[in-house]
Amino acid sequence: MKNNNVNTAVLLCNSDKGMEEEVNADDTQDRRGKGDIAERLPTVDESPSGASAMLPPLPSDLDDEINDLYRLVPEVGNHFTILNKIGEGAFSTVYKARLKHYPEIQEMFALKHIVPTSHPSRIENELRCLLKIGGQDNVMGVKLCLRNKDHVIVVMPLFSHDKFQDILPVVTVSEVREYMRNLMTALRRVHEFNVIHRDIKPSNFLYNRQKKEYALVDFGLASGTMLTTPKDEEGCEWQKLEQTTTSAAAAKGIKPADTPCTRGKGRQAKDDRSPLSPSKKAAGERNKSNIVSTVKSGLQLQKAGPSWQKGPMHKPSFPPLVPNGLCDCYGKPVICQLCVGRNNQLAPRAGTAGFRAPEVLMKSPDQSTAVDIWSAGVIFLSILSGRYPFFRAQDDMGYLAQIVSLLGTEACVQAASSFGKLLTLSEQTPTVDLRSACLKLRGVQTSSRAASSGSHVTSEVRDSWAVISDTPFDLLEKMLDPNPSSRISAKDALQHPFFAEEDEGSSS
Ligand SMILES: Nc1ncnc2c1ncn2[C@@H]1O[C@H](COP(=O)(O)OP(=O)(O)OP(=O)(O)O)[C@@H](O)[C@H]1O
Ligand SMILES: [Mg+2]
């Protein structure tokens with residue numbers, strides 16, 4: 001390889017100084033939202049037979065896209081031949097490539113072209129995570145980074161992986177144990193750095209079934225003490241703002257530019273468009289769901305408002321509380337004028353629909369690494385039940401209602417109160433027994449999915465599920481604890497008896 005320019009790029013990547021002043025991104029635009037298109041793309045094959053000469057011609061629009069990329073970042077074309085597109089998420093497009101001038105080198109690369117409107121701090125954060133955390137314990141590392149103006153390409157080793165949906169019907173309990181052990185190992189590593197990944201989902205935890213290899217990717221939404229908090233020109237913390245990677249949200253035109261700083265400047269604040277905005281939409285949501293009637297902020301959180309509301313630009317503007325310390329609607333399924341006049345409480349909302357923890361859905365401003373454990377618990381739930389995606393709803397309130405109907409009202413109300421939220425429900429529902437629910441769903445799903453996809457469910461698979469012990473469900477319950485402060489950590493999860501069981505034969 002002609003190394004000079006590439007080395008410069010590596011140095012850029014390693015610089016602690018960051019990229020904020022170097023990357024010329026337009027902060028005022030939204031990151032493109034494309035949803036989980038990656039899930040629909042073909043399984044990544046890293047075989048060297050992917051050499052361009054041996055591939056069928058690419059569709060002309062993809063060819064144009066690749067030529068555009070060569071033009072936008074000439075260094076890419078100088079060093080790599082792009083062979084195909086292998087992933088497309090909300091914030092990037094990922095291509096498979098090989099070295100241009102070294103045909104004898106078979107190694108393949110994943111080139112992640114980050115959407116140019118991404119905030120520079122987010123790009124810096126992603127690189128920082130890949131550099132400092134990645135490269136071990138199932139966390140993806142980085143080879144180098146190329147940049148031209150506002151276009152940034154992160155070059156990673158290509159990780160050949162299987163589709164989560166294809167694996168679901170055919171996994172044995174033993175394989176589930178290994179998958180979860182490796183996912184928890186990756187999370188333990190990330191959480192040791194006090195970093196929250198914030199987008200744990202199957203398409204971000206790559207799995208090569210044949211090689212038994214795993215890789216956690218996509219730190220585009222990560223937050224933590226070692227990372228910079230993107231700020232806009234008025235000092236608003238982007239990290240604290242609601243963000244989304246869902247195509248639905250993108251379709252609704254939710255934009256990072258709609259920060260609280262835009263309030264009063266003629267631009268609609270993002271919070272106002274949030275499905276969980278308590279002030280204006282709660283009444284409408286009540287009509288939609290007969291389970292969750294009201295979610296509103298408790299007084300404790302209003303008093304201890306988040307940091308950005310304390311700065312000079314964001315003096316708290318809550319109307320005074322009524323004499324007894326409560327407003328007119330406290331504890332009632334209505335919203336009084338006093339509360340309508342309050343500023344919305346802002347909280348991080350980064351993540352993907354269906355994987356957000358209850359404290360995220362209920363807009364708790366104090367979020368921790370426990371949000372990743374919840375999302376990993378949802379993956380676990382999907383595997384144990386054979387149902388993916390497990391939660392399907394129109395909006396955050398719908399997801400919350402589904403969580404409540406699974407975990408029971410009592411546990412959810414108590415959890416909400418632990419982070420200062422009052423959850424008022426019109427119906428009492430008991431906790432569902434996760435073991436029987438999962439096995440019932442899996443029994444149905446396994447046979448129907450296997451039949452429709454033509455995959456062969458062996459007797460080994462069937463037998464392993466027939467003798468499954470209680471330990472996986474016990475761990476699942478601890479991961480899906482609605483209370484983030486008692487939810488199990490990745491480190492403790494790895495000590496759980498489920499992982500001490502040798503194989504499904506001895507797990508009965
Ligand atoms: N190193 C890699 N090797 C192979 N495939 C990869 C690699 N990195 C990413 N991909 C593929 O590209 C997809 C999108 O990558 P990534 O998740 O990093 O981008 P994103 O735009 O943030 O996606 P999303 O918003 O959907 O989570 C992944 O789901 C995966 O299928
Ligand atoms: Mg992703």
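Visitor: Hello! How far apart are the end C-alpha atoms of helix α14?

Guide: Welcome! This is a predicted model. Helix α14 covers residues 396–407, which makes 12 residues. At 1.5 Å a residue, counted over one less than the number of residues, the helix should span 16 Å. The distance between its end C-alpha atoms agrees with that: 16 Å.

Visitor: How many of the residues of α14 are buried?

Guide: A residue is buried if 20 or more other C-beta atoms lie within 10 Å of its own. In α14, the buried residues include D396, Y399, I403 and L407. The helix is largely enclosed by the rest of the structure, because the buried residues among its 12 number nine.

Visitor: Which residue just after α14 takes a positive phi?

Guide: Look just past the end of the helix, where phi is about 95°. The residue with this positive value is G408.

Visitor: Now to the sheet. Which are its edge strands?

Guide: The open sheet has five strands, in the order β1-β2-β3-β5-β4, with antiparallel pairing. An edge strand pairs on one side only. That applies to residues 80–88 and 144–148, which are β1 and β4.

Visitor: What is the bridge partner of A97 in β3?

Guide: Strand β2 spans residues 92–99 and runs antiparallel to β3, residues 108–114. Seven bridges join the two strands. Across from A97, the partner in β3 is F109.

Visitor: Which helix lies across β1, β3, β4 and β5?

Guide: Here β5 is residues 151–157, and the helix runs at about 115° to β1. It is made of residues 60–72, so by numbering from the N terminus its name is α2.

Key:
Residues numbered from 1 in each chain as written. Chains lettered and ligands numbered in written order. Predicted model: local features only at pLDDT ≥ 70, side-chain atom pairs only at ≥ 80, totals over all residues. Pairing = 2+ DSSP bridges. Helix = DSSP H or I, 4+ residues; strand = E, 2+ residues; numbered from the N terminus. Contact = placed C-beta atoms within 7 Å. Axes fitted to C-alpha atoms, helices over the stretch in contact; angles between N-to-C directions.
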